[in-house]
Amino acid sequence: MRKAKPKKRIVLPDPIFGEVMVTKFVNHLMYDGKKSTAFTIFYEALDNVKTKMPNETKSALEIWKKALENITPQVEVKSRRIGGATFQVPTEIRPERKESISMKNMIIFSRKRGGKTMADKLAAEIVDAFNMQGAAFKRKEDMHRMAEANRAFAHFRF
């Protein structure tokens with residue numbers, strides 16, 4: 001590579017839970033630099049999750065973390081052109097990318113959902129992901145299925 005790798009930026013923990021992961025999620029959720037609005041949506045969604053799952057012993061934050069864990073893919077397929085043919089080569093995903101993909105998927109599919117507010121949509125997606133269902137979980141399953149189907153091309157890894 002010609003240029004040096006850019007330095008990793010330090011993400012500060014969020015004000016309520018003191019978690020860096022929450023801030024990263026809110027950064028993905030944010031539109032037009034409106035971070036306080038994004039934080040409001042996220043915290044409201046966690047409150048909604050708590051009311052939707054009253055008999056759950058875990059806290060809303062733990063439910064959200066478990067939901068993210070459930071929709072985190074382990075492998076993905078990358079297109080690789082070899083001898084005029086394009087192969088879908090399954091590759092493992094590095095940890096930062098896994099986290100980023102799962103957060104983005106949860107947000108994307110929350111936005112596509114039907115519901116009143118973004119907080120309601122996000123809460124519904126969190127509950128679905130926690131229960132191993134919903135669109136974000138389906139996306140992870142599809143990624144794994146694609147990688148499994150193309151396992152024969154794993155020796156083309158780069």
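Buried residues account for 37% of the 158 residues in this protein. What you're looking at is a predicted model, with six helices and two strands. Here's a quick tour, from the overall layout down to an aromatic cluster and a buried aspartate.

**Overall layout**
- Reading from the N terminus, the elements go α-α-α-β-β-α-α-α.
- Along the principal axes, the C-alpha atoms fill a box of roughly 55 × 35 × 25 Å.
- If you take the contacts between residues at least 6 apart in sequence, 60% of them join residues at least 24 apart.

**Surface and charge**
- The accessible surface adds up to about 10,100 Å², and carbon and sulfur atoms own 53% of that.
- On the charge side, there are 32 positive and 18 negative charges, and their mean positions sit 9 Å apart.

**Helix α2**
- Helix α2 covers residues 35-52.
- Its 18 residues should span 26 Å at 1.5 Å a residue, and the end C-alpha atoms are 25 Å apart, so the two values agree.
- The buried residues here are Ala38, Phe39, Phe42, Tyr43, Ala45, Leu46, Asn48 and Val49.
- As a reminder, an α-helix has 3.6 residues a turn, so residues three or four places apart point the same way.
- The buried residues of α2 pack against α1 (20-29), α3 and α5.

**Aromatic rings**
- Searching the whole structure turns up seven aromatic pairs.
- One of them is Phe42 with Trp64, an edge-to-face pair at 5.2 Å centre to centre with 80° between the planes.
- Phe42 belongs to α2 and Trp64 to α3 (residues 60-70), so this pair ties together parts that are 22 residues apart in sequence.
- Phe42 counts as buried because its relative accessibility is 0%, against a cut-off of under 20%.
- Trp64 also has 0% relative accessibility, so this ring partner counts as buried too.
- Both residues belong to one aromatic cluster made up of Phe17, Phe25, Phe39, Phe42, Tyr43 and Trp64.
- Three members of that cluster, Phe39, Phe42 and Tyr43, are on the list of buried residues in α2.

**Asp128**
- Asp128 sits in helix α5, which runs over residues 118-130.
- With 15% relative accessibility, Asp128 falls under the 20% cut-off and so counts as buried.
- Leaving out residues up to four places away in sequence, Asp128 touches Arg113, Gln133 and Gly134.

Conventions
Residues are numbered from 1 along each chain as its sequence is written. This is a predicted model: local features need pLDDT of at least 70, side-chain atom pairs count only at pLDDT 80 or more; totals for chains, interfaces and linings use all residues. Side-chain values use heavy atoms; hydrogens and water are left out. Helices (H or I, at least four residues) and strands (E, at least two) are DSSP runs, numbered from the N terminus. Buried means under 20% relative accessible area, exposed over 50%, partly exposed in between (1.4 Å probe, protein chains only). Contact means heavy atoms within 4.5 Å. Rings of Phe, Tyr and Trp (its six-membered ring) pair if their centres lie within 6.5 Å; planes under 30 degrees apart count as stacked, over 60 as edge-to-face and the rest as tilted. The expected span of a helix is 1.5 Å times one less than its number of residues. Accessible areas come from the Shrake-Rupley method with a 1.4 Å probe; for residues, only the protein chains shown count as cover. Lys and Arg count as positive and Asp and Glu as negative; His and the chain ends are not counted. The place of a charge is taken as NZ of Lys, CZ of Arg, CG of Asp or CD of Glu.
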